[in-house]
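Here's a quick briefing to read with the model open in your viewer. It goes through the pockets, the ligand and a couple of backbone oddities.

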Amino acid sequence: MKVVRGLLFLTVIYTFGCGAGENRTNVELIQDMMDQISVKAQDWNPNVDPDFQAMRVPPENTVPRGFKPYPYTLGEVEKASRELRNPLSGQFGAEVLARGKKHFEINCAVCHGADGAGKGPVASKMAVPPPSLIEGKVLGYTEGRIFHAITLGWGVMGSYSRQIRKEEDRWAVINYIKNLQKKAN
Ligand code: HEC
């Protein structure tokens with residue numbers, strides 16, 4: 001009996017379940033889902049007076065999943081320099097350096113140079129030249145200060161937080177820069 005019922009069930013699924021063809025609607029056994037109030041994105045929605053937009057603006061302070069808001073504004077550079085702590089501080093193992101090198105060479109070397117000396121291939125074309133990261137003022141920067149510059153950008157340099165999404169990867173870039181500094185000085 002069980003087998004017969006099972007076969008019957010499979011036959012019903014096979015007959016009505018799928019494969020109705022591109023332009024034909026399936027036979028719907030349970031029709032509750034056919035009649036619903038969902039609206040298409042970009043569509044007109046008569047239920048949301050006064051703007052009638054189907055797409056809603058997310059509530060204030062909504063953030064995407066996995067997103068961690070950066071707690072400093074651009075102007076709070078001194079505060080960020082003081083307070084930010086590198087979770088990879090002092091770690092110069094092969095793995096951390098390889099990770100930093102990868103992101104540095106993809107995102108920074110074109111301007112700051114592969115050795116960090118500020119002579120990347122496009123540097124000479126820039127009105128405000130990229131500074132050397134291995135001498136001068138940047139040598140005196142805290143790790144937090146560099147993190148701030150990568151995360152929000154600095155002056156004419158844009159933010160790289162979208163290119164280097166993971167905070168830890170940004171810190172690895174900083175370790176890589178620290179290592180370049182050590183090698184150069
Ligand atoms: C398109 C070229 C360009 C790229 C790519 C670039 N920078 Fe810069 N960077 C600059 C320029 C130009 C300045 C100077 C900005 C100014 O003073 O207005 C600068 C400044 C800096 C400073 C000094 C900031 C300060 O507070 O004084 C640091 C540190 C730095 N960059 C690190 C990086 C790192 C790390 C990357 C890669 C994630 C990177 N930059 C990618 C052009 C670039």
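**Pockets, ligand and backbone**

In the second largest pocket, α5 and α6 each chip in at least two lining residues. Keep in mind that this is a predicted model. The ligand, for its part, takes up the space of the largest pocket, so let's take the two pockets in turn and then look at the rest.

**Second largest pocket**

- Its volume comes out at about 380 Å³.
- The lining of the second largest pocket runs to 13 residues, and the ones nearest the centre are Phe67, Lys68, Ser161, Arg165 and Arg170.
- By residue class, that lining splits into 4 nonpolar, 4 polar and 5 charged.

**Largest pocket**

- This one has a volume of about 550 Å³.
- There are 25 lining residues here, and His112, Pro131, Leu133, Trp154 and Met157 are the closest to the centre of the largest pocket.
- On the helix side, α3 (94–107), α4 and α5 each put at least two residues into the lining of the largest pocket.
- The top contributor to that lining is α5, with 4 residues.
- Sort the lining of the largest pocket by class and you get 19 nonpolar, 4 polar and 2 charged residues.

**Around the ligand**

- The shell around the ligand holds 25 residues, with Cys108, Cys111, His112, Tyr141 and Met157 as the closest.
- Three helices each hand at least two residues to this shell: α4 (109–112), α5 (143–152) and α6 (167–184).
- Which helix gives the largest share of the shell around the ligand? That's α5, with 4 residues.
- The shell breaks down into 20 nonpolar, 3 polar and 2 charged residues.

**Polar contacts to the ligand**

- Arginine 145 has a polar side-chain atom 2.9 Å from an oxygen atom of the ligand.
- Valine 156 joins in through its backbone, where a polar atom sits 3.0 Å from a ligand oxygen atom.
- Tryptophan 154 uses its side chain, with a polar atom 3.4 Å from an oxygen atom of the ligand. Trp154 also turned up among the residues closest to the centre of the largest pocket.

**Domains**

- The domain assignment splits the protein chain into domain 1 (2–34) and domain 2 (77–184).
- How far apart are the C-alpha centres of domain 1 and domain 2? They lie 59 Å apart.

**Backbone oddities**

- As background, most peptide bonds are trans, and most residues other than glycine have a negative phi.
- Aspartate 49 and proline 50 are joined by a cis peptide bond, with omega at about 10°.
- Proline 50 sits in the loop between α1 (2–16) and α2 (77–83).
- Glutamine 42 isn't a glycine, yet its phi is positive, near 70°.
- You'll find glutamine 42 in the loop between α1 and α2.

Conventions: Residues are numbered from 1 along each chain as its sequence is written. This is a predicted model: local features need pLDDT of at least 70, side-chain atom pairs count only at pLDDT 80 or more; totals for chains, interfaces and linings use all residues. Side-chain values use heavy atoms; hydrogens and water are left out. A residue is near a molecule or strand if one of its heavy atoms lies within 4 Å of it. A polar contact is a pair of N or O atoms within 3.5 Å; within protein, one must be able to donate a hydrogen and the other to accept it, and residues adjacent in sequence count only if both atoms are side-chain atoms. On a 1 Å grid over the protein atoms alone, a cavity is a set of points where a 1.4 Å probe fits but cannot get out, and a pocket is an open set with protein on both sides within 12 Å along at least five of seven lines; lining residues have an atom within 4 Å of a point. A molecule sits in a cavity or pocket if more than half of its atoms lie within 2 Å of its grid points. Ala, Val, Leu, Ile, Met, Phe, Trp, Tyr, Cys and Pro count as nonpolar, Asp, Glu, Lys and Arg as charged, and the others, Gly among them, as polar. Domain bounds come from an automatic or database domain assignment. Grid points are joined across faces, edges and corners, and a volume is the space filled by probe spheres set on the points.
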